[in-house]
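Me: I should like to go through this structure and ask how its descriptive terms are justified. Please set each value against its definition.

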Amino acid sequence: MLFEPPQRLVRALGEAYPDVAADWLGQVPELAEEAVSRRKLTVERVQNPGGRSSLVVLVRQQDGTPAALKIAPEAAGPALERAALAHWNGWGAVELLDTDAGADGTAGAGELLLERLHSEVSLRSLPEAKALLEAAGIVRRLWIEPPPDHDFETVAERTARQTAAMRSADPALAPLIEAALAARDELTASADELLLLHGNFRQGKVLAGDRAPWLAVGPDPLVGERAYDLARLVRDRVEDLVASAGGPSATRRRVNRLADSLDVDRGRLHGWTLFRAVESGVRATAAGRHQDAELLLEFAGWL
């Protein structure tokens, strides 16, 4: 099958969107064929292993320019991703090549035609110190005022949705969960920034490009404070941190270094790093990814 979804996408969508994944995946070949035909694109191949929330097809436009066609279910928020990429307009992020397509909610609303990046080369290919330095430079560019009348949810709204699942988790995790929830409550009550955030920023979401050395991809955009966006980056390469003898002290140094390099309050970054690690750990446990959960919760315990 020309547009067969990669197994990573099948597994990830089944975990994240169990109510709609099967039906959407069954429609993917037809959706992709129709999108390619309508846009008069030449297909090279489906990117494999590809992403976790969308089918990515490497294509060429009519003039021969390479591009990437991304097709995602509505539940994954392609309309919000489109809005964020259009607002960044290539500044620090992959460029959206069809800024008008799907804007009215008609056919094509779940599609994004993007500039082609080098998907096989992310910041994770660099030594840790260099990767964090480059990541800080990229994420700084993304933190801008959101567009007027936007539809992005706030950090407070997104994290409020996540607390219900955390409260119903294994009672053995109660002390860690309560600490994370208390941090979240304090942080949302005192937040004073409403900037456009990537929402899922980490080293693997920054790819090598031709227009610029490094560009961010795959946002899950929302608005709020910078410390929330930076928190996911703190735990990058968590498996290396957990395996090292000095993991706890290295983690605290990373929090301080990233906060200072981007003029973010250390305490706020610490709090959001705790919340996001615990929330991810609880979610991994519920999905049966026990090894990931153990790593995340051990990391959270150091904070």
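Me: In what order do the 4 strands form an open sheet, and is the pairing parallel or antiparallel?

Reply: The order is β1-β2-β3-β4, and the pairing is antiparallel. Strands here are DSSP runs of E with at least two residues, helices are runs of H or I with at least four residues, and both are numbered from the N terminus. This is a predicted model, in which local features need pLDDT of at least 70, side-chain atom pairs count only at pLDDT 80 or more, and totals for chains, interfaces and linings use all residues. Residues are numbered from 1 along each chain as its sequence is written, and side-chain values use heavy atoms, with hydrogens and water left out.

Me: How do you know that strand β2 pairs with strand β3?

Reply: Two strands pair if DSSP finds at least two bridges between them. Strand β2 (residues 55–60) is joined to strand β3 (residues 66–71) by 6 bridges, so the definition is met. Val56, for instance, has Lys70 in β3 as its bridge partner.

Me: Why are Arg60 and Glu44 said to form a salt bridge?

Reply: A salt bridge requires a side-chain nitrogen of Lys or Arg within 4 Å of a carboxyl oxygen of Asp or Glu. The closest N and O atoms of Arg60 and Glu44 are 2.7 Å apart, so the pair qualifies. Because Arg60 lies in strand β2 and Glu44 in strand β1, the pair ties together parts that are 16 residues apart in sequence.

Me: What makes Arg60 partly exposed?

Reply: Buried means under 20% relative accessible area, exposed means over 50%, and partly exposed lies in between (1.4 Å probe, protein chains only). Arg60 has a relative accessible area of 33%, so it is called partly exposed. Glu44, at 37%, is also partly exposed.

Me: Why is helix α10 described as largely enclosed by the rest of the structure?

Reply: Of the 21 residues of α10, 15 are buried, and the helix is therefore largely enclosed. Glu279 is buried at 10% relative accessibility, whereas Arg283 is partly exposed at 42%.

Me: How do Arg283 and Glu279 meet the rule for a salt bridge, and how far apart are they in helix α10?

Reply: Their closest N and O atoms are 2.9 Å apart, so the distance falls within the limit. Being 4 residues apart in helix α10, Arg283 and Glu279 are separated by about one helical turn. An α-helix has 3.6 residues a turn, so residues three or four places apart point the same way.
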